[in-house]
Amino acid sequence: MFHQVRETIPAEKKPVTADIIGGTYEEMYSNWRNKMYLAASTGNRHLAFMSLISANVMFAEISSEVDIDEYDVLGCYDPKDLSKTADAYDHILNTYLGEYRKGGVSEKRYSDIDAFVMDYLN
């Protein structure tokens with residue numbers, strides 16, 4: 001009974017701020033973007049699908065607590081055209097950057113792994 005009532009009460013979502021979503025774009029980019037293009041170049045449907053599943057979980061976790069738009073990550077998947085799939089994921093990442101802009105968050109880009117490690121350690 002409690003579970004049913006709880007589901008009818010809308011959750012109060014936090015506004016987008018750097019403290020809350022900072023680093024999420026970078027994680028989505030570094031964890032799955034290159035895997036999407038690798039999957040496209042090698043025809044690896046499993047890699048593409050599993051990468052989208054993982055990204056979808058992250059988007060769902062963020063949107064459950066933070067006031068962001070909904071993203072249809074799994075809708076990107078086209079097993080017959082993995083290049084289209086990778087491009088669609090890129091489009092979602094670019095759209096998600098709009099969430100960063102709303103919250104005044106700047107994305108970080110690194111020239112190489114050494115630059116990332118130096119920033120991470122600081």
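The expected span of a helix is taken as 1.5 Å times one less than its number of residues. In the predicted model described here, helix H3, which covers residues 24-42, offers a case for this rule: its 19 residues should span 27 Å at 1.5 Å a residue, and because its end C-alpha atoms lie 27 Å apart, expectation and model agree. The helix nevertheless bends by about 30° at Trp32, and it is followed by Gly43, a residue with a positive phi near 70°.

The protein chain to which H3 belongs contains 6 helices and 0 strands, so that its elements, read from the N terminus on, follow the order α-α-α-α-α-α. Along the principal axes, the C-alpha atoms of the protein chain fill a box of roughly 50 × 40 × 20 Å. Of the 122 residues in the protein chain, 29% are buried. When contacts between residues at least 6 apart in sequence are considered, 68% of them join residues at least 24 apart.

The buried residues of H3 are Thr24, Tyr25, Glu26, Met28, Trp32, Arg33, Met36 and Ala39, and what covers them includes helix H2 (18-21) together with H4 and H5. Thr24, which is found in H3, has a relative accessible area of 10% and is therefore classed as buried, the limit being 20%. Beyond residues up to four places away in sequence, Thr24 touches Met58, Ile62, Tyr96 and Tyr100.

The packing of H3 against H5 was examined next. The axes of H3 and H5 are 8 Å apart and meet at an angle of about 170°; because angles over 145 degrees count as roughly antiparallel, the two helices are described as roughly antiparallel to each other. On the H3 side, the residues in this contact are Thr24, Tyr25, Glu26, Met28, Tyr29, Trp32, Arg33, Met36, Tyr37, Ala39 and Ala40, and they meet Leu82, Ser83, Thr85, Ala86, Asp87, Tyr89, Asp90, Leu93, Tyr96, Leu97 and Tyr100 in H5.

The largest nonpolar core comprises 27 residues, of which Ile21, Met28, Ile62, Tyr89 and Tyr96 touch the most other members. The elements that contribute two or more residues to this core are H3, helix H4 (45-65) and helix H5 (82-102), and the greatest contribution, 8 residues, is that of H5. Tyr96, placed in helix H5, has a relative accessible area of 0% and is accordingly buried. With neighbours within four places in sequence left aside, Tyr96 is in contact with Ile21, Thr24, Tyr25, Met28, Phe59, Ile62, Ile68 and Tyr71. Of these partners, Tyr25 is 71 residues from Tyr96 in sequence, whereas the C-alpha atoms of the two residues are 7.3 Å apart in space. Tyr89, again with residues up to four places away in sequence not counted, touches Met28, Trp32, Arg33, Met36, Leu52, Ala55 and Cys76.

Several residues outside the buried class were also considered. Arg45, which lies in helix H4, has a relative accessibility of 48% and so counts as partly exposed. Apart from neighbours within four places in sequence, Arg45 is in contact with Tyr77, Pro79 and Leu82; its C-alpha atom is separated by 11 Å from that of Ala86, a residue 41 positions away along the chain. Val57, likewise a residue of helix H4, is partly exposed at 42% relative accessibility, and its C-alpha atom lies 16 Å from that of Lys35, with 22 residues of sequence separation between Val57 and Lys35.

Leu74 is placed in the loop between H4 and H5, where its relative accessibility of 36% makes it partly exposed. When residues up to four places away in sequence are not counted, Leu74 touches Leu52, Ile53 and Asn56. The C-alpha atoms of Leu74 and Met50 are separated by 9.9 Å, the two residues being 24 apart along the chain.

Conventions
Residues are numbered from 1 along each chain as its sequence is written. This is a predicted model: local features need pLDDT of at least 70, side-chain atom pairs count only at pLDDT 80 or more; totals for chains, interfaces and linings use all residues. Side-chain values use heavy atoms; hydrogens and water are left out. Helices (H or I, at least four residues) and strands (E, at least two) are DSSP runs, numbered from the N terminus. Buried means under 20% relative accessible area, exposed over 50%, partly exposed in between (1.4 Å probe, protein chains only). Contact means heavy atoms within 4.5 Å. A nonpolar core is a set of buried Ala, Val, Leu, Ile, Met, Phe, Trp, Tyr and Cys residues joined through side-chain atoms within 4.5 Å. The bend at a residue is the angle between axes fitted to the seven residues ending there and the seven starting there. Axes are lines fitted to C-alpha atoms, for helices over the stretch in contact, and angles run from 0 to 180 degrees between N-to-C directions. Angles under 35 degrees count as roughly parallel, over 145 as roughly antiparallel, 65 to 115 as roughly perpendicular and the rest as oblique.
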